[in-house]
Amino acid sequence: MTTERERRFPGPRRGQLIFALAFVALAALLLVLIGDQTAWVKKTKFFAQPRFWPAVALGGMVLMGGLHLYRMPWRRVTRFDLNETRRWGQALEYVLWFMAYVLLVPIIGYLPVTLVFVPLLTWRMGYRSPRMIWISIGFAIAVVLVFKGLLSVRIPGALLYEYLPGPLRSFAILYL
Amino acid sequence: MDLILSAIEILMRWDVALALLAGSVGGVLIGAIPGVGPAVAIAILLPATFSMDPIVGLTVLLGIYGSSMYGGAIPAILINTPGTAVNALTTYDGYPMTARGEPRRALSLAYSASFFGGVFSVICLILFAPVLAKVAPMFGSREIFLAALLGLLLVVVAHRGQALIAGALACFGIFLNTIGMEPVKYTQRYTFGQDFLGGGINLIVVVLGLFAISQAFVLLTDEDEKIRLTRLRGGMFQGLRELSRHPRVASVSAGFGVLMGMIPGVGEFTAQFMSYTYAQKTSKRPQDFGRGSSEGLIAAETANNAVPAAAMVPLLALGIPGEALTAMMLSVFYVHNVVPGPGLFQNDMDFVVALYLALLILNVLVLIFLLFATRSLIQVVRIPNRFLGVCILTLSFVGVYSLRNSATDCVMAAGFGLVGYILKRLSLPAVPIILGMVLGGIMEVKLRAAMARVKTPFDFIDRPVAFILFSIIILVLAMHLLRVLRDRKELKEAEWQTKTSSMSFGGLMWRRKNSFLKDRGKQVRARHAKLLRRLTDLF
């Protein structure tokens, strides 16, 4: 039966315990490393020490994270918690998509990679109709034109653009 | 008057006009799409604004911030899904109006109330600016440190029931800010010998990860929602007339919005809650609230739209952002070497007034746009969720990569995206991390500067403003402690009312064993045995 304490806990139960445990463990580990990772400078006031603020921050993380863990109404990891961690793992697929996009842009070029990435991910998400694929291609072109062509954000020209003939090469580096 | 004229002169540029238009229309669109809040849009657009003039860049961002709530009211009223988080209260009275066949009335009332809130707050602040200009120079290092500490504290205690983890996450933000080369003694902090950590963790990378990429992950891993739109009938101008029948509710709600917006860490939710409660308590028909009350809708929409202008006050006057969106805007100032704070109010007052005037013009533009374009605009809510996720992920790349063309930044942003995704799944707040990062940096610098001139601890609060801020900090802490104790007492009472002994066999055996082994148990059994003997002796 759900207890009153569990009912009053804000947010879902699944995954809370694992997150709190991981958070406190990481904070404690970083706090243990404080002597190694920060310096204590002689003839410097306490509040101006380079170690002062990391100590405050990590101390706060351990203390408040620990209290949060202690006051949690659950003490055991259930299968719902494990299912939730699996759900977190699902997001890793999109991290990989994102990183592939990031790594390919400087090699192949912003416009070509975006033109493949957006429709492909749209396809992967289950939108198979030609209408959605055309919308995704239109979106990809619009993004490149607005950000690189119009707003001139800093995205360098790709390695492949070097092989294009003269005027097209400089145009591609500047706008595509 | 001269001040306003010179402010108008700053705004009389084609790029500012374009920024106003882009900010207002873009903000409304972004607000109208559930799942894309102003935080996502501002995070993505931040690096693009770095190449613009401060006034142009800030106008775009302020435009998105100010107009997204107008747009957010559309799905809140039509499909009972708030477009931005702050429109949640709009659904209470807006959707019931749609359900009874008055969607146009609800929308027009929401636009009018939002317009009133926006304009009221800007006028208040333009009138208030000379006072601020006098007060701001009273803030030295220690006052700014205390104000930043107060802001952080308010953000933490505002998360009722989650204050401990919010505090821990704020400390995580402070920790993130300390990573890298320390700028005074030139020592490394938590770089683990890695070059890419030497320069520290960029705020924009964290912001994009926690707000934009994480939202993309949420949308990509979720199901699409089925949306059924209602047809709009009736005139769009009736809301203005209806608003004029409730001047008291509108002005008090706007007042709450201005007041709460100025306090760091409090913002829209508290302003809305207070104005809604006020409107309900003073209404002649309180039973209508939550069932399509026009007063309820006015209170919610006026209060949340009065906040953006007011939220700029702590940012401009003290350099202290009160919430995530103004924290992002702070980085635009830093990129252009304009340091917001008391100096800005003394030296560039026309710039401040120009920003407020831009917000005023923006409100007018948004209202005109919405009154005429709502019918076509409502189609944006049809965009499927997962496709939106694809769009946000694509746009996030521009935001992160254009910053320094660094793949490492992208890896870090993706990592923070994952952290943000987990926080969203667990309903934990990400805002304290951002404010911890920004305010932690300010606190470190200001405390170092302040302590150089302090001999005893009491010297720290010997100036009037410092003393007032310190007293408020103590008061906030005391009130939070009282609230925690009261919640604890309520919990105990509720537990006592529902508590029954464990029904499990193991629990029963445990209690029996304790009763046999503990001294108290022995005493009780001896007393019972004595009473039983007396009773049996009687017969």
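**Exercise 1.** Which pattern does chain A follow when read along the sequence?

*Solution.* The model is a predicted one. Step one is to count the elements: chain A holds eight helices and zero strands. Step two is to place them in order along the sequence, which gives the pattern α-α-α-α-α-α-α-α.

**Exercise 2.** Determine why chain A is described as more spread out than a compact globule.

*Solution.* First, take the radius of gyration of chain A, 25 Å. Next, take the value that the globule rule gives for 176 residues, 16 Å. The radius of gyration is well over the value from the rule, so chain A is more spread out than a compact globule. The spans of the C-alpha trace along its principal axes may then be added: about 65 × 60 × 25 Å. Finally, consider burial: of the 176 residues in chain A, 27% are buried.

**Exercise 3.** State what share of the contacts in chain A with a separation of 6 or more joins residues 24 or more positions apart.

*Solution.* Begin with the contacts in chain A whose separation is 6 or more. Among these, residues 24 or more positions apart account for 66%.

**Exercise 4.** Describe the side of chain A that touches chain B.

*Solution.* Start with the extent of the interface: 61 residues of chain A are in contact with 55 residues of chain B. Then assign the chain A side to helices: α1 (4-7), α2 (16-32), α4 (52-70), α5 (79-108), α6 (110-124) and α7 (130-150) each supply at least two residues. The largest share, twelve residues, comes from α5(A). Last, sort this side by class, which yields 39 nonpolar, 14 polar and eight charged residues.

Note on methods
Residues numbered from 1 in each chain as written. Chains lettered and ligands numbered in written order. Predicted model: local features only at pLDDT ≥ 70, side-chain atom pairs only at ≥ 80, totals over all residues. Contact = placed C-beta atoms within 7 Å. Helix = DSSP H or I, 4+ residues; strand = E, 2+ residues; numbered from the N terminus. Nonpolar A, V, L, I, M, F, W, Y, C, P; charged D, E, K, R; others polar. Rg over C-alpha atoms; globule rule 2.2 N^0.38 Å. Buried ≥ 20, exposed ≤ 12 C-beta atoms within 10 Å, placed from the backbone.
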